[in-house]
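Thank you all for coming. I would like to walk you through one model slowly, so please stop me wherever a step goes by too quickly.

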Amino acid sequence: MELAVFAVFALIAVVGAVATISWRNPIRSALSLVICLFGLAGIYVTLYAHFLAAMQILVYAGAIMVLFAFAIMMLGAEALEREAKGFPWLQVLSGVVIALLVGKFVKALWSSPPLAGEQALVDGETFGTVSGIAQVMMKQFLLPFELISVLLLVAVVVAVMVGKNRFFREEEKR
Amino acid sequence: MMGVELSYYLLLAFVLFALGLVGVMIRRNLIIMLMSVELMLNGANLALVAYSRARGDMDGQVLAFFVMGLAAAEAAVGLALLIGVYRHVKTLDVDKMTTLKG
């Protein structure tokens, strides 16, 4: 049963990922990526990361992908132009990089520990829930948490400044 | 009755990361390259959450939240830059952005 649930969601995620990188139309890619992220949210539930699964759908499949959809719609049909064939050596290079990664990955698999038993999960019933996450995030990881909020503020300011088109228009005047 | 082992999750995480990497390397459309980067971040996130489950503590999940925040910032800045670049060079094909080429 557990394996069946995992297999179904893993299949959804992988099919979505393959579709994302193979559609020519970016809006189809974006929707495929949403499917992939939904599959991953299901995988997170099987890992007892319930709050993370909810956030995956709200923040990733919701907010971030809406941002992508907005950008694609703003650029309109021009974003759909036929793309030339990439350099063949890049495809070879990507194969080589993947092969190198497989080496590292096999090493990680070899030393992968068994899953902790359900009763062995720290805090038992709060594992992966909002209160459990908050305990760790607000105590152990308070500084990174605050730094992430600063990072988001900087990102908002940068996005607004770049979006105002000032830098690029000055470039065109010259 | 077969259970799910940590290695299954790691395999899935690796497949997602590899697909994202292939997408960045072989696609030429900037939007799709950005989406492939999101795919790679998600693969890394899955590995973090899987190890968090295996070790039985929530540090990995909290790190995954931080990665999500990072991904949101990356998407906002990346798409703003992408639109600026598009206004400037009128294309999203990275092979046609040859202003710096001698």
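I will begin with chain B, go on to its contact with chain A and to the core, and end with one helix of chain A.

Please keep in mind that this is a predicted model. Chain B has three helices and zero strands, and from the N terminus on its elements simply run α-α-α. The radius of gyration of chain B is 17 Å, whereas the globule rule gives 13 Å for 102 residues, so chain B is more spread out than a compact globule. You can also see this from the box that its C-alpha atoms fill along the principal axes, which is roughly 60 × 25 × 25 Å. Even so, 57% of the 102 residues of chain B count as buried.

Let us turn to the place where the two chains meet, a contact that takes 65 residues from chain B and 77 residues from chain A. On the side of chain B that touches chain A, the elements that give two or more residues are α1, α2 and α3 of chain B, and the largest share, 24 residues, comes from α3(B). If we sort the residues on that side of chain B by type, we find 43 nonpolar, eleven polar and eleven charged.

What, then, is in the largest nonpolar core? This core has 77 residues, and those with the most contacts inside it are B:Ala13, B:Leu46 and B:Ala50. Both chains contribute elements that give two or more residues to this core, including α5 and α6 of chain A and α1 of chain B, while its largest share, 15 residues, comes from α2(B). B:Leu46 is a good residue to look at here, since, leaving aside its neighbours within four places in sequence, B:Leu46 is in contact with A:Leu40 and A:Ile43 as well as with B:Tyr9, B:Leu12, B:Ala13 and B:Leu16.

Finally, I would like to look at helix α6 of chain A, residues 142-163, whose 22 residues should span 32 Å at 1.5 Å a residue, and the end C-alpha atoms are indeed 32 Å apart. Which residues of α6(A) are buried? They are A:Ala155, A:Ala159 and A:Val162, and because they cover an arc of only 70° around the axis, they lie on the same side of α6(A). This fits a general point, namely that an α-helix has 3.6 residues a turn, so residues three or four places apart point the same way. On the other side of α6(A) there are exposed residues, among them A:Leu142, A:Glu146, A:Ser149 and A:Val157.

Key:
Residues numbered from 1 in each chain as written. Chains lettered and ligands numbered in written order. Predicted model: local features only at pLDDT ≥ 70, side-chain atom pairs only at ≥ 80, totals over all residues. Contact = placed C-beta atoms within 7 Å. Helix = DSSP H or I, 4+ residues; strand = E, 2+ residues; numbered from the N terminus. Nonpolar A, V, L, I, M, F, W, Y, C, P; charged D, E, K, R; others polar. Expected span 1.5 Å × (residues − 1). Buried ≥ 20, exposed ≤ 12 C-beta atoms within 10 Å, placed from the backbone. Arc of directions from axis to C-beta. Core = buried A, V, L, I, M, F, W, Y, C linked by C-beta atoms within 7 Å. Rg over C-alpha atoms; globule rule 2.2 N^0.38 Å.
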